[in-house]
Amino acid sequence: MSPSPVLLCALLWVPAGALRCFGDSGQPVDWFVVYKLPAHSGSGDAPGRGLRYKYLDENSGGWRDGVGSINSSEGAVGRSLLPLYRNNASQLAFLLYNDQPPKSSLAKDSTSSRGHTKGVLLMDQEGGFWLVHSVPRFPPPASSGAFSWPHNAQSFGQTLICVSFPLEEFLRIGRQLMYTYPLVFDHKLEDTFAQKFPDLEAVIKGHQVVHEPWNSSVTLTSLAGSTFQSFAKSGKFGDDLYSGWLAAALGSDLHVQFWQNSPGILPSNCSGTQQILDVTQTGFPGPSGPTFRATEDHSKWCVAPEGPWTCIGDMNRNLGEEHRGGGTLCAQLPTLWKAFQPLVKAWKPCGEENRPWKLSSARN
């Protein structure tokens, strides 16, 4: 249901200096996670099938049902992105990037040379947020004038994490994007923003890191003081993000959920000190679940089975992405770990490398 004109006006109003992630409650939050559920997890052909989601933030007390449909401006994702589509967005800077952009004219540029990475940076003079997600052809460009959810992203599960940051942290984020080599399909970085963030300007122009090291990890501090660790790799890193770096860097085994309908899926890896185990089934708590297979889930996240790490990003485990840029955003937040760790219902043990995986020509 579309919001009323009065409600829409209220949604479009954001207090000066308060450009942050907005939660399902309608209030600014330091961070949130949205898990868009696969279409089959709905009840038959009920309205909203393929648009239902679970919501989590530091004060939500665990997973909650989304306030409406994922394509609504009343939910956390739509509400946070509304400043992009306002007529008075002159004081904003933004980067929208996606290896599968919504503009068909850019589809030819969505090649294996670009990073397998998807996200939104939105800033004003006081701060902003970084939205890291797994959603192809999302979000609509600012010129579209309205928030919407792409039809092609309804069938499968998707994850989105939004973190509010003070302005200076976008210097570090810009450097991370130089590693991931994103395909920027819409942007606005003018005047003082362009001067203050030269790496973001370089990313817009299609530049990337040109010398070793081919990976970078930085600590980012949110507006409310929460600590996140950003891991970013260049395509020249030449290895899997999870088994080639992340597990050792975190010092932990990892359960990894990713899109498993693409060619060259990497099997669970127990060859090193840490075990990297491919999740095969995810399930939410409660009598209604839902529970679904990894082949129905386009989300990309991992969790340390014994804690305390949880990471949400935009990379899969397959041979092709060993040679593409991308990354993940990790945290040791107890609220985050307690929400994600129980979601893992089954995984593929090591030693099953010869068991065939389902291959598909579907985009990843």
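## Helices, strands and overall burial

The protein chain has 7 helices and 19 strands. Keep in mind as you look around that this is a predicted model. Out of 364 residues in the chain, 58% count as buried. On the outside, the protein chain exposes about 14700 Å², with carbon and sulfur atoms supplying 50% of that area.

What about contacts along the sequence? Among contacts in the protein chain with a separation of 6 or more, 71% come from residues 24 or more positions apart.

## Strand β13 and its partners

Pick out strand β13, residues 254-257. Both of its faces are covered: Leu254 and Val256 sit on one side, His255 and Gln257 on the other, and all of them are buried.

β13 pairs with strand β14 (residues 276-283) through 3 bridges, and these two run parallel. With strand β16 (residues 301-303) the pairing also takes 3 bridges, but here the sense is antiparallel. His255 is a handy residue to follow: its bridge partner in β14 is Leu277, while in β16 its bridge partner is Val303.

## Thr180 in helix α3

Now hop over to helix α3, which covers residues 169-180 and includes Thr180. Is Thr180 buried or exposed? Its relative accessible area is 5%, so Thr180 counts as buried, the cut-off for buried being under 20%.

Which residues does Thr180 touch, once its neighbours within four places in sequence are set aside? The contacts are Gly115, Thr117, Ala232, Lys233, Gly325, Gly326 and Gly327.

## Three disulfides

The structure holds 3 disulfides. Start with Cys21 and Cys162, whose sulfur atoms are 2.2 Å apart. Cys21 belongs to strand β1 (residues 21-22) and Cys162 to strand β9 (residues 158-166), so this pair ties together parts that are 141 residues apart in sequence. The torsion about their S-S bond is about -95°, which means the disulfide is left-handed. Both ends are tucked away: Cys21 is buried at 0% relative accessibility, and Cys162 is buried at 1%.

Another disulfide joins Cys270 to Cys350, with 1.8 Å from S to S. It links distant parts of the chain, 80 residues apart: Cys270 is in the loop between β13 and β14, and Cys350 is in the segment after β19 (344-348). With 75° about the S-S bond, this link is right-handed. Here the cysteines are partly exposed, Cys270 with a relative accessible area of 32% and Cys350 at 27% relative accessibility.

Then there's Cys311 with Cys330, at an S to S distance of 2.1 Å. Cys311 lies in strand β17 (residues 310-313) and Cys330 in strand β18 (residues 326-331), so the pair ties together parts 19 residues apart in sequence. A torsion of about 105° makes this disulfide right-handed. Cys311 is buried at 1% relative accessibility, and Cys330 is buried with a relative accessible area of 1%.

## The pattern, and a cysteine left out

Counting bonded cysteines along the chain, the disulfides follow the pattern 1-2, 3-6, 4-5. Which cysteine sulfur is nearest to that of Cys302, a residue in no disulfide? It belongs to Cys311, 3.9 Å away. A disulfide needs sulfur atoms within 2.5 Å, so a pair at 3.9 Å doesn't count. Cys302 itself is buried, with a relative accessible area of 1%.

Methods:
Residues numbered from 1 in each chain as written. Predicted model: local features only at pLDDT ≥ 70, side-chain atom pairs only at ≥ 80, totals over all residues. Heavy atoms only, no water. Buried < 20%, exposed > 50% of the residue type's maximum accessible area, 1.4 Å probe, protein only. Helix = DSSP H or I, 4+ residues; strand = E, 2+ residues; numbered from the N terminus. Pairing = 2+ DSSP bridges. Contact = heavy atoms within 4.5 Å. Areas by Shrake-Rupley, 256 points an atom, 1.4 Å probe, with all protein chains shown as cover.
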